[in-house]
Amino acid sequence: MVKSPTPTLSSPRSGAATGRVELRKVSVAFGAEAVLSNVDLTVEAGEFVCVIGPSGSGKSTALNLIAGLLTPASGEVLVSGEPVREPGAERGVVFQNYSLFPWKTALDNVAFGPRMQGNSRAEARRAAFVWLEKVGLSAYASRFPATLSGGMQQRVAIARALINRPAVLLMDEPFGALDAQTRALMQELLLDLWSNSRCTVFFVTHDVEEALILADRVIVLSASPGRILLDLPVRLPRPRPSDVFAYQAFNCAKMTCLKLIRQESRLAFDAPEVVQCFPR
Ligand SMILES: Nc1ncnc2c1ncn2[C@@H]1O[C@H](COP(=O)(O)OP(=O)(O)OP(=O)(O)O)[C@@H](O)[C@H]1O
């Protein structure tokens, strides 16, 4: 990937934005269903945190709270010390289903944020091109999303989020639909971009190995309603060595997480609602 200097654009992010994320006694319910219960979590500025847990444990809900797409029933969500009330450019979001504008080229997808912030079309496109270079896609600038592979679309989505220089990058299973090889390359690319930007990353995944490859800390949520079962510091060197899978610390952490998730998945699977659907 080309390491180009990023052109200066007007942006809502001030130098003071720290990217610290705080969930304070946060609970969320959808109707009668409690989804998150009394969650307290602080992610320090610049930290890379991965959230794992059984299906339905509220991982995406937590991410949506930080994104400003949801409000908690009780408790508070703060980013850089400010309460989150709505989405904002200082919090970039990348979802699993690429969510690019299908009618815009790769270049114009990436240029979208700077345009919204009042930059001229030429300035926005210049900056977008640099970001496409950073994710190795400058040759595909004029292509529409439908003509790009899944991995390429996710690279465009990451560039589109990072061009706004977000204090916090929120990623909801961004590599979940990719094949193993592409996924590994995307993980490397993300770590490379993060080590240069040093924004805070809140990354939701189902994949324990992915969490351990990427994160400074891994948060394990319980079965619904989600609460924090484990807050595990990942004591592995950075950059992660290519043989990290062979490290004892990696495998101990992996087994600890897998065991917890399996227990919790079993609880969710045997929950009364499920049994009621299939009476014996
Ligand atoms: N907008 C919504 N309206 C009603 N229920 C919702 C809504 N969003 C999520 N839920 C419910 O909240 C619970 C938690 O969902 P969430 O997507 O946060 O879990 P998750 O841990 O990310 O799950 P998965 O790993 O399967 O993606 C689920 O039971 C889900 O059905």
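Two strands pair if DSSP finds at least two bridges between them. Helices (H or I, at least four residues) and strands (E, at least two) are DSSP runs, numbered from the N terminus. The model is predicted: local features need pLDDT of at least 70, side-chain atom pairs count only at pLDDT 80 or more, and totals for chains, interfaces and linings use all residues. Residue numbers start from 1 along each chain as its sequence is written.

**Stop 1: the six-stranded sheet**

Select β9 (residues 217–221) and β10 (228–233). These two strands pair in the antiparallel sense over five bridges, and a hairpin of six residues joins β9 to β10. To find one bridge, pick I219, whose partner in β10 is D231.

Now add the rest of the sheet. The sheet is open and has six strands in the order β6-β7-β8-β3-β9-β10, with mixed pairing. Which strands stand at the edges? They are β6 (91–94) and β10; each has a single partner strand, so one side of each is left without a neighbour in the sheet. From one strand to the next the twist averages 15 degrees (angles run from 0 to 180 degrees between N-to-C directions, with axes as lines fitted to C-alpha atoms, for helices over the stretch in contact).

Strands of a sheet pair through backbone hydrogen bonds, either parallel or antiparallel.

Select β3 (residues 48–52) next. Towards β9, β3 pairs in the parallel sense over four bridges: V49 stands opposite R217, and I52 stands opposite V220. Towards β8, β3 also pairs in the parallel sense, again over four bridges, with F48 opposite V201.

**Stop 2: strand β8 and its surroundings**

Select β8 (residues 200–204). Here "buried" needs a cut-off: a residue is buried if 20 or more other C-beta atoms lie within 10 Å of its own, exposed if 12 or fewer, and partly exposed in between, with C-beta atoms placed from the backbone. Five of the five residues of β8 are buried. T200, F202 and V204 are on one side and V201 and F203 on the other, and both faces are covered. In β9, four of the five residues are buried.

Add β7 (residues 168–172), which pairs with β8 in the parallel sense over five bridges. One of these bridges links L170 to F202. Then show helix α5 (residues 180–197): β7, α5 and β8 make a right-handed β-α-β unit. Right-handed means that, with the strands pointing away from the viewer, the path from the first strand over the helix to the second runs clockwise.

**Stop 3: the four-stranded sheet**

A second selection shows an open sheet of four strands, in the order β2-β1-β4-β5, with antiparallel pairing. β2 (33–43) and β5 (82–83) stand at its edges, each with a single partner strand, so one side of each is left without a neighbour in the sheet. Strand β4 (residues 74–79) is joined to β5 by two bridges, and V79 stands opposite E82.

**Stop 4: helix α1**

Helix α1 (residues 59–67) packs on the four-stranded sheet, touching β1 (21–30), β2 and β4. Two residues are in contact if their C-beta atoms, placed from the backbone, lie within 7 Å. The direction of α1 makes about 120 degrees with that of β1. Turn to the other sheet: α1 lies across β3, β6, β7, β8 and β9, running at about 150 degrees to β7.

How many residues of α1 are buried? Eight of the nine are, among them K59, S60 and T61. Just after the helix comes G68, whose phi is positive, near 85 degrees.

**Stop 5: around the ligand**

Select the residues around the ligand, that is, those whose C-beta atom, placed from the backbone, lies within 6 Å of the molecule. They are F30, V35, G53, S55, G56, S57, G58, K59, S60, T61, H206 and S224. α1 gives the most to this shell, with three residues. By type, the shell has two nonpolar, nine polar and one charged. Ala, Val, Leu, Ile, Met, Phe, Trp, Tyr, Cys and Pro count as nonpolar, Asp, Glu, Lys and Arg as charged, and the others, Gly among them, as polar.

**Stop 6: two single residues**

Select L107 in helix α2 (residues 106–116). L107 counts as buried because it has 23 C-beta neighbours inside 10 Å. Leaving aside its neighbours within four places in sequence, L107 is in contact with residues including R125, F129 and L132.

Finish at P239, in the loop between β10 and α7 (248–269). Is P239 buried or exposed? With 11 C-beta neighbours inside 10 Å, P239 counts as exposed. P239 and L214 are 25 residues apart in sequence and 9.6 Å apart in space, C-alpha to C-alpha.
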